[in-house]
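This briefing introduces a protein chain together with its ligand. Please keep the sequence and the structure in view while reading.

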Amino acid sequence: MTDLAGRDGPRDECGVFGVFAPDAEHEVSKLAYYALYALQHRGQESAGIAAADLGGHMMTRRELGLVSQVFSEHDLRTLAGDLAVGHVRYSTTGANAWENSQPVHRSDRFELALAHNGNLINAVALHGELRERGIAFRSTSDSEIIAALLATHGADSIVDAVAAVMPQLEGAYSTVVTTNDHVLAFRDPAGLRPLVLGVLPAVGDGPERYCVASESCAFDIIGARLVRDVRPGELVAISSQGIETRQVVTGAREAFCLFEYIYFARPDSRMNGDVLQAARGRMGEILARESPTPGADLVIPVPDSGTPAARGFARASGLPQDDGLIKNRYVGRTFIQPGHELRRHGLRMKFNPLPEIVGGKRIVVVDDSIVRGNTTRQIVAMLRDAGALGIHMRISAPPIKHPCHYGIDMSTREEMVAHGRTVEEVAAELGCDSLAYLSLEGVYEAVRGERGRHCDACFTGDYPLANSAGAQHKDAFEHALPLVRA
Ligand code: SF4
């Protein structure tokens with residue numbers, strides 16, 4: 001699993017889950033709990049579940065913390081129901097962090113709970129329109145804007161309300177909503193963030209029960225089967241009547257996030273018909289083909305994120321592979337954000353080099369990405385201290401030079417080590433003997449995808465959606481909006 005703690009990589013904003021299972025002995029909250037457990041890598045700062053009885057009441061519990069910290073056995077019993085949505089979030093800390101945790105609950109015309117992964121690029125304009133209509137907000141998250149548009153809509157049904165609201169939204173939205181009779185899943189027409197449909201085994205002669213999630217690993221843990229992607233621009237409505245799908249919006253082009261394959265998603269999730277562990281292995285193989293390292297003795301990964309690609313690199317280059325860095329898996333995540341200096345200590349807590357493995361050797365160190373370079377610089381220094389004779393960094397992604405406007409919290413352009421530097425200059429900055437990145441073509445070859453159907457803007461600066469240049473970073477958005485309490 002991609003582990004974001006202690007890394008300086010980009011951070012995904014959220015993981016979402018929804019389930020309609022009226023005959024699951026009211027245990028939908030447990031299904032949601034375990035699904036969120038599997039999606040924990042997509043957000044570690046808050047977690048929440050909203051559950052509803054069919055035709056009855058809705059309850060929400062959301063709190064700052066990991067899934068295992070937020071929910072007790074008692075909470076899950078209290079959240080009994082037939083329909084549920086869940087959410088894990090990465091967010092900035094601050095006074096209003098709890099308010100911005102999800103699911104967002106609103107009970108205007110429609111009562112609903114909403115979980116969203118993505119980033120609206122017209123959030124400020126939509127917020128202004130809603131405020132003019134006298135609609136109050138409890139949070140500064142763009143997710144509540146979607147919730148407010150839906151909950152206040154004049155349509156006859158919540159399904160029609162979603163179909164009417166989707167065309168108003170610009171940006172990335174993989175969204176799951178529950179009312180007390182429907183679970184709805186819908187995705188932006190570019191399909192920027194993932195969203196998949198699954199099915200739970202039927203109980204007795206009962207109907208099949210559907211679920212939706214950011215990644216298929218959430219289905220594996222609860223015994224559900226991956227059916228397919230929720231298509232870009234599609235609305236999937238699940239109720240006692242079964243499953244209804246509508247193609248609501250069609251975009252100029254699809255733009256699935258290329259970084260999901262490289263970094264964000266768990267290696268046991270399936271995307272584009274392939275398990276990511278295999279795709280990441282191919283990235284390593286292609287990297288070895290593109291940037292061989294004659295004279296090297298050993299390949300080591302930066303665990304765990306670089307492990308599949310390191311294995312592929314070793315396979316393709318014929319070099320032996322070993323673990324030269326041991327990761328302490330029990331370094332907990334914390335709400336206390338380390339400063340610059342403490343980040344270094346945190347990193348030393350996390351990785352320990354093995355002089356017996358790397359000492360006296362010329363080593364190839366494989367990782368999946370470099371953003372600011374602080375982590376890599378530390379790793380290079382540690383390996384040198386441990387006696388490595390040569391350190392050749394190989395990265396299974398192109399250089400990251402541009403910020404993301406579609407739901408990923410990246411460093412600013414100026415903080416990115418590859419911004420404005422040649423590869424040689426970055427190598428000098430990191431202190432390694434050589435540095436090579438996988439080419440963009442190499443990534444597309446590894447994931448067997450077409451460039452015209454993906455977003456690769458953080459590598460290329462080619463933003464796939466119109467208006468992206470005017471998009472606000474989420475902090476800017478929060479600054480632009482007053483926190484208005486309902
Ligand atoms: S800019 Fe990068 S991280 Fe953001 S959606 Fe595009 S590929 Fe993904």
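The points below move from the whole chain to its sheet, a strand, a helix, the ligand and a loop.

The model is predicted. Its protein chain holds 17 helices and 25 strands. Of the 486 residues in the chain, 54% are buried. Among contacts between residues at least 6 apart in sequence, 74% join residues at least 24 apart.

**An open sheet of six strands**

- Six strands form an open sheet in the order 6-7-8-9-13-14, and their pairing is antiparallel.
- Strand 6 (104-107) and strand 14 (242-247) are the edge strands, since each of them pairs on one side only.
- From one strand to the next, the twist averages 20°.
- Strand 7 (residues 111-120) and strand 8 (residues 171-178) run antiparallel and are joined by eight bridges.
- Within this pair, A115 of strand 7 stands opposite V176 in strand 8.
- Helix 5 (residues 142-151) packs on the sheet, where it touches strand 6, strand 7 and strand 8. The direction of helix 5 makes about 135° with that of strand 7.
- As general background, the strands of a sheet pair through backbone hydrogen bonds, in either a parallel or an antiparallel manner.

**Strand 2, an enclosed strand**

- Is strand 2 (residues 14-20) largely enclosed or exposed? Seven of its seven residues are buried, so strand 2 is largely enclosed by the rest of the structure.
- Both faces of strand 2 are covered. On one side the buried residues are C14, V16, G18 and F20, and on the other they are G15, F17 and V19.
- Strand 2 is joined to strand 5 (residues 83-89) by seven bridges, and the two run antiparallel. In this pairing, V19 stands opposite A84 in strand 5.
- Strand 2 is also joined to strand 11 by four bridges, again with an antiparallel course. Here G18 stands opposite V212 in strand 11.

**Helix 15 and its buried side**

- Which residues of helix 15 (residues 440-447) are buried? They are G442, V443, A446 and V447.
- These buried residues lie on the same side of helix 15, because they cover an arc of only 125° around the axis.
- A general rule helps in reading such a pattern: an α-helix has 3.6 residues a turn, so residues three or four places apart point the same way.
- The buried residues of helix 15 pack against two other helices, helix 8 (258-264) and helix 9 (276-290).
- Just after helix 15, R448 takes a positive phi of about 55°.

**The surroundings of the ligand**

- The residues around the ligand are L192, C257, L258, F259, C404, Y406, I408, C455, D456, A457 and C458.
- Helix 8 and helix 16 (457-460) are the elements that give two or more residues to this shell.
- How many residues of the shell are nonpolar, polar and charged? There are 10 nonpolar residues, no polar ones and one charged residue.

**An exposed glycine in a loop**

- G206 is found in the loop between strand 10 (196-200) and strand 11 (209-213).
- Why does G206 count as exposed? The reason is that G206 has 12 C-beta neighbours inside 10 Å, and a residue is exposed if it has 12 or fewer.
- G206 and P22 are 184 residues apart along the chain, and their C-alpha atoms are separated by 9.8 Å.

How values were computed
Residues numbered from 1 in each chain as written. Predicted model: local features only at pLDDT ≥ 70, side-chain atom pairs only at ≥ 80, totals over all residues. Buried ≥ 20, exposed ≤ 12 C-beta atoms within 10 Å, placed from the backbone. Arc of directions from axis to C-beta. Contact = placed C-beta atoms within 7 Å. Near = placed C-beta within 6 Å. Nonpolar A, V, L, I, M, F, W, Y, C, P; charged D, E, K, R; others polar. Pairing = 2+ DSSP bridges. Axes fitted to C-alpha atoms, helices over the stretch in contact; angles between N-to-C directions.
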